[in-house]
Amino acid sequence: MEFDSFVLTASTADLTEEPAAREHADAIEFRMDLADEL
């Protein structure tokens, strides 16, 4: 198995955390299964 690149993904259940994660991650995953129910 060869890897030509690496993508760091931040995982969050709260979209308000997205701006802080953007500085450190290449991609952001919003986890609906971890989000609070409304």
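## Report on a predicted β-α-β chain

Leucine 15 sits in the loop that runs between β1 (9-12) and α1 (18-22), in a model that is predicted. With a relative accessible area of 55%, leucine 15 is exposed, and together with Phe30 and Met32 it makes a nonpolar surface patch of about 330 Å².

The loop between β1 and α1 also holds glutamate 17, which counts as partly exposed at 42% relative accessibility. Glutamate 17 belongs to a patch of negative charge on the surface, where it gathers with Asp14, Asp36 and Glu37. Of these, glutamate 37 is found in the segment after β2 (27-30) and is exposed, its relative accessible area being 79%. Glutamate 37 can also be placed relative to proline 19: the two residues are 18 apart along the chain, and their C-alpha atoms are separated by 22 Å.

**The chain as a whole**

The protein chain contains one helix and two strands, and when it is read along the sequence these elements follow the pattern β-α-β. Along its principal axes, the C-alpha trace spans about 45 × 20 × 5 Å. Of the 38 residues in the chain, 13% are buried, while the chain exposes about 3,700 Å², of which carbon and sulfur atoms supply 53%. Among the contacts with a separation of 6 or more, residues 24 or more positions apart account for 0%.

**Salt bridges**

How many salt bridges does a search of the whole structure find? The search finds two, and they are set out below with the N to O distance for each pair.

| Salt bridge | N to O distance |
|---|---|
| Arginine 22 and glutamate 18 | 2.5 Å |
| Arginine 31 and aspartate 33 | 2.5 Å |

The salt bridge between arginine 22 and glutamate 18 joins two side chains within helix α1, and because these residues are four apart in that helix, they are separated by about one helical turn. As for accessibility, arginine 22 is exposed, with a relative accessible area of 56%, whereas glutamate 18 counts as buried at 18%, a value that falls in this class because buried means under 20% relative accessible area.

In the other pair, aspartate 33 forms its salt bridge with arginine 31. Aspartate 33 counts as exposed at 56% relative accessibility, while arginine 31 is partly exposed, with a relative accessible area of 25%. Neither aspartate 33 nor glutamate 18 is listed in the patch of negative charge, which is made up of Asp14, Glu17, Asp36 and Glu37; both form salt bridges, and patches are made of residues with no salt bridge, so these two acidic residues are left out.

**Glutamate 29 and its surroundings**

Strand β2 includes glutamate 29, which counts as partly exposed at 37% relative accessibility. Which residues does glutamate 29 touch, not counting residues up to four places away in sequence? With that exclusion, glutamate 29 touches Thr9, Ala10, Ser11 and Thr12. Those contacts can be read against the extent of strand β1, given as 9-12. Glutamate 29 may also be related to the helix through glutamate 18: the two glutamates are 11 residues apart along the chain, and their C-alpha atoms are separated by 9.3 Å.

**Drawing the elements together**

The loop between β1 and α1 thus supplies leucine 15 and glutamate 17, the former taking part in the nonpolar patch with Phe30 and Met32 and the latter in the negative patch with Asp14, Asp36 and Glu37. Helix α1 holds the pair of arginine 22 and glutamate 18, and strand β2 holds glutamate 29, whose contacts include Thr9 and Thr12.

Note on methods: Residues numbered from 1 in each chain as written. Predicted model: local features only at pLDDT ≥ 70, side-chain atom pairs only at ≥ 80, totals over all residues. Heavy atoms only, no water. Patch = residues over 30% accessible without salt bridge, like charges linked within 9 Å, V, L, I, M, F, W, Y side chains within 5 Å. Areas by Shrake-Rupley, 256 points an atom, 1.4 Å probe, with all protein chains shown as cover. Salt bridge = Lys/Arg side-chain N within 4 Å of Asp/Glu carboxyl O. Buried < 20%, exposed > 50% of the residue type's maximum accessible area, 1.4 Å probe, protein only. Lys, Arg positive; Asp, Glu negative; His and termini not counted. Charge placed at Lys NZ, Arg CZ, Asp CG, Glu CD. Contact = heavy atoms within 4.5 Å.
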